[in-house]
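Welcome, and thanks for opening the viewer. Please load the model and follow along, one selection at a time.

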Amino acid sequence: MSAWNPNSETAKQKSTMELMDQYVVPTYRRFPLVFQRGRGVELWDEAGKRYLDLGGGIAVNALGHANPEIVQTIQDQASKLIHISNLYYQRPQAELAAAIVGETGPGKVFFCNSGAEANEALFKLARRYGHEAGRFEIITATGSFHGRTLAGIAACGQEKVRQNFGPITPGFRYVPLNDFEALKAAWSPSTAAVLIEGIQGEGGIHPATPEYLKQVREWTRQQQALFLMDSVQCGFYRTGKFQSYQRLLEGAEGADDFLPDAIGMAKSLGAGFPMGAVWIHRQYSDILGPGTHGTTFGGTPLACAVALKTMEIVKRDQLDQNARDLGQWLKEQLSQLCGQYSRILKEVRGIGLMLGVELQEKIPALTGEGIVPSLKATELMSDAGLILIPSGTHTLRFLPPLNLKQDEAAEALIIFESVLKGIS
Ligand SMILES: Cc1ncc(COP(=O)(O)O)c(C=O)c1O
């Protein structure tokens, strides 16, 4: 086979889609969209068509596309130091760790590159914690999603991600979210930890209730087990607070004293730059000592500088408040549309800028061979110029940048409604 020459005539004739289909492993069923550039919430494809991106790269692009300050930060830091490994000290990592601790609670931070890796560190923390007592089991929630590593798929409360990958990593059990009795019933002497998402994302936008969070906190404390939270999708100010439980528990009794034992983070943390982190409570933050865990790339000066800048911008521009206020407005507007188009839309769920609209069970226009309604609806939305993210078979997610403006949200709603009109 001859070497690939991007300037050859055959290369020029091949479309991006053809090339990707030919050379990229098909782990994703891609939409037929080829994006070329973006600015804020706007995106343009290769043909120059404009879209509004309210999917945010699946809750990643906290500040939208090509944010000038992030671009500048990348340029500045890259020209000083991109990578040095975790064998050495460096300022951006030190400052970012301190910032995450400041936003969460007393403890320390482990840096990695993705959500799956953050959760992998949580699993290892729990195993190491329970090791001497022979405890290793982690209880997670039905419908949860925790990543695609072998332990990650074992942790997911979704059978479909495990199919044909056996033998599955042992030591995980699943109980329905918000059902405390079920959690107690599933408990065993081997249980070392509970892991839940504050708001299930891939599972279709299902928040944990404040009562459940408090019950799990109390129970795990009594049982001397760890309470772990996966904030990969619902964290980083998306709900209006740095951590989703801070928002979910707002106003609840004891909220100020509530802290999980460890939290996995990623996605928006790097505003598009790959980055993951695990906050671990002071009590447990030295369990993963030298030689127990690590990663070459985790917490590079470049990734940390970007995350720090992103946090600084969120604070300075009060984007947490924006997520809260605009999210509330968007939810109200979507609820109204649910009422108006009740034959298509069932309900809207979520908090802040993490919203999900569930479609009705059977809609002829969205029922096709080999395609579930959420995918079909997402396709129709993108044809109309609005990017949303499907979740499961019937939910459309809104996970926009935290700096989304009201007129942009309003424009997105006009497109959304025009598609609903077309469907009905
Ligand atoms: C809650 C949650 N945890 C973990 C992950 C895995 O993150 P990553 O894809 O960065 O490995 C995801 C990704 O969607 C997620 O939503």
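Before we start, one term for later: a crossing of two helices is right-handed if the near helix is turned clockwise from the far one by less than a right angle, and left-handed if it is turned anticlockwise. Keep in mind too that this is a predicted model.

**Stop 1: two helices, α4 and α11**

Select residues 68-80, which are helix α4, and residues 301-316, which are helix α11. The axes of α4 and α11 lie 9 Å apart, and the helices pack at an angle of about 150 degrees. Angles over 145 degrees count as roughly antiparallel, so that is how α4 and α11 run relative to each other. With the term from above, you can call the crossing of α4 and α11 right-handed.

Now show the side chains where they meet. From α4, the contact includes Glu69, Ile70 and Thr73; from α11, it includes Pro301, Leu302 and Ala305. Sorted by class, the contact of α4 with α11 has 8 nonpolar, 3 polar and 2 charged residues.

**Stop 2: bring in α5**

Keep α11 and add residues 91-104, helix α5. How far apart are the axes of α5 and α11? They are 8 Å apart, and the packing angle is about 40 degrees. The two helices are therefore oblique to each other, and their crossing is left-handed.

To view this contact, pick Pro92, Gln93, Glu95, Leu96 and Ala99 in α5, which meet α11 residues including Cys304, Leu308 and Met311. The residues of this contact divide into 9 nonpolar, 1 polar and 1 charged.

**Stop 3: the sheet**

Next, display the strands β1, β2, β3 and β15, which form an open sheet in the order β1-β2-β3-β15 with mixed pairing. Color β1 (35-39) and β15 (386-387): these stand at the edges, each with a single partner strand, so one side of each has no neighbour in the sheet.

Zoom in on β3 (residues 50-53), which pairs with β15 in the parallel sense over 2 bridges. Here Leu52 has Leu386 of β15 as its bridge partner. Then add helix α14 (residues 406-423), which packs on the sheet and touches β3 and β15. The direction of α14 makes about 110 degrees with that of β3.

**Stop 4: the ligand**

Finally, select the ligand. Which residues are the closest to the ligand? They are Ser114, Gly115, Ala116, Val232 and Gln233, out of 15 that surround it. Helix α6 (residues 115-130) gives the most to this shell, with 3 residues. Color the shell by class and you will find 5 nonpolar, 7 polar and 3 charged residues.

Technical notes: Residues numbered from 1 in each chain as written. Predicted model: local features only at pLDDT ≥ 70, side-chain atom pairs only at ≥ 80, totals over all residues. Near = placed C-beta within 6 Å. Helix = DSSP H or I, 4+ residues; strand = E, 2+ residues; numbered from the N terminus. Nonpolar A, V, L, I, M, F, W, Y, C, P; charged D, E, K, R; others polar. Pairing = 2+ DSSP bridges. Contact = placed C-beta atoms within 7 Å. Axes fitted to C-alpha atoms, helices over the stretch in contact; angles between N-to-C directions. Parallel < 35°, antiparallel > 145°, perpendicular 65-115°, else oblique.
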